[in-house]
Amino acid sequence: MPIKVSIIEDDDWIRENLASQLRHTGGFLCAGSYRSAEEGLDQIPRHLPDVVLMDINLPKMNGIECVRQLKALVPGVQILMLTVYEDSDKIFNSLLAGASGYLLKRTPQAEILQAIADVYRGNSPMTGHIARKVVQYFNQRGRAETEIDKLSKREREVLEHLAQGIPYKEIADVLSLSIDTVRIHIKGIYSKLHVHSRGEAVAKLLHK
């Protein structure tokens with residue numbers, strides 16, 4: 001089955017170029033393209049894409065707030081932020097809202113498609129700089145009793161690696177586990193944290 005992708009981008013040229021790219025590449029399907037957050041929030045729950053490409057700097061409602069509302073409406077959708085510049089604060093806040101990674105708009109087309117496929121498989125495309133910011137934020141948080149404390153030691157280790165944007169296979173290698181065992185731990189994490197996606201689980205860790 002092709003990966004269904006929706007686009008929320010107010011720049012007509014970028015939006016149509018991305019949509020055309022998806023339509024003409026095997027393994028992908030453009031499930032819809034929208035000029036605004038409001039239009040996307042209205043239409044995306046009806047079409048249920050696998051991945052959404054989301055502009056950060058949208059008119060009226062911005063992309064960060066749109067991520068927050070969209071994840072509440074469609075918890076299982078994976079969201080990649082689109083940005084012109086690597087604004088670490090905006091990207092970081094997008095991840096806290098539930099996004100799974102981000103792309104610079106100048107990224108070559110082949111790399112955009114690869115990033116979509118990666119996030120669909122559970123990975124989180126982000127630079128080391130942003131990943132470090134995520135880890136630093138976690139390290140600065142207090143130790144108050146939260147749902148996170150319900151996790152086993154191994155589940156906690158897996159979640160901390162997820163927060164750094166590390167792919168499942170690399171987590172398995174680092175923790176000397178099979179990838180199937182990693183997936184079992186992730187299912188346990190989702191169940192204990194009452195979430196449905198990697199982004200939501202990481203957001204709970206970061207808000208601890």
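1. Setting aside its neighbours within four places in sequence, M54 is in contact with I8, G63, C66, V67, L70, I79, L80, M81 and L82. The model in which these contacts are found is a predicted one. M54 belongs to strand β3, and M54 is buried, with a relative accessible area of 0%.

2. Two of these contacts can be placed by strand pairing. I8 stands opposite M54 in β3, and in β4 the bridge partner of M54 is M81. Between β3 and β4 the chain passes through helix α3 (residues 63-73), and this β-α-β crossover is right-handed. The list of contacts of M54 also includes C66; the C-alpha atoms of M54 and C66 are separated by 8.5 Å, and the two residues are 12 apart along the chain.

3. Is strand β3 enclosed or open to its surroundings? Of its 5 residues, 5 are buried, so β3 is largely enclosed by the rest of the structure. Both of its faces are covered: V51, L53 and D55 are buried on one side, and V52 and M54 are buried on the other. This division may be read alongside a general rule: in a regular strand the side chains alternate between the two faces of the sheet.

4. The wider sheet should be considered next. The sheet is open and has 5 strands in the order β2-β1-β3-β4-β5, with parallel pairing. Its edge strands are β2 (28-34) and β5 (101-104), each of which pairs on one side only. From one strand to the next, the twist averages 25°.

5. The pairings can be followed across the sheet. β1 and β3 run parallel and are joined by 4 bridges. β3 pairs with β4 in the parallel sense over 5 bridges. Strand β4 (residues 78-83) in turn pairs with β5, again in the parallel sense, over 4 bridges; here G101 in β5 is the bridge partner of L80.

6. Helices also lie against the sheet and against one another. Helix α2 (residues 37-47) lies across β1 (3-8), β2 and β3 (51-55), and runs at about 140° to β2. Helix α3 packs with helix α4 (residues 88-97) at an angle of about 10°, and their axes are 8 Å apart. The two helices are therefore roughly parallel to each other, as angles under 35 degrees are counted in that class. Where they meet, I64, V67, R68 and K71 in α3 face K90, N93, S94 and A97 in α4 as contacts.

7. Helix α9 (residues 179-193) allows a simple check of geometry. At 1.5 Å a residue, its 15 residues should span 21 Å, and its end C-alpha atoms are 21 Å apart, which agrees. The buried residues in α9 are V182, H185, I186, G188, I189, Y190 and L193. As a general point, an α-helix has 3.6 residues a turn, so residues three or four places apart point the same way. The cover over the buried residues of α9 includes α7 (153-163), α8 (168-174) and α10 (198-206). Just after α9, H194 takes a positive phi of about 60°.

8. Finally, the chain as a whole may be described. The chain has 10 helices and 5 strands. Buried residues make up 52% of its 208 residues. Among contacts with a separation of 6 or more, 66% are between residues 24 or more positions apart.

Technical notes: Residues numbered from 1 in each chain as written. Predicted model: local features only at pLDDT ≥ 70, side-chain atom pairs only at ≥ 80, totals over all residues. Heavy atoms only, no water. Expected span 1.5 Å × (residues − 1). Buried < 20%, exposed > 50% of the residue type's maximum accessible area, 1.4 Å probe, protein only. Contact = heavy atoms within 4.5 Å. Pairing = 2+ DSSP bridges. Axes fitted to C-alpha atoms, helices over the stretch in contact; angles between N-to-C directions. Right-handed = clockwise from strand over helix to strand, strands pointing away. Parallel < 35°, antiparallel > 145°, perpendicular 65-115°, else oblique.
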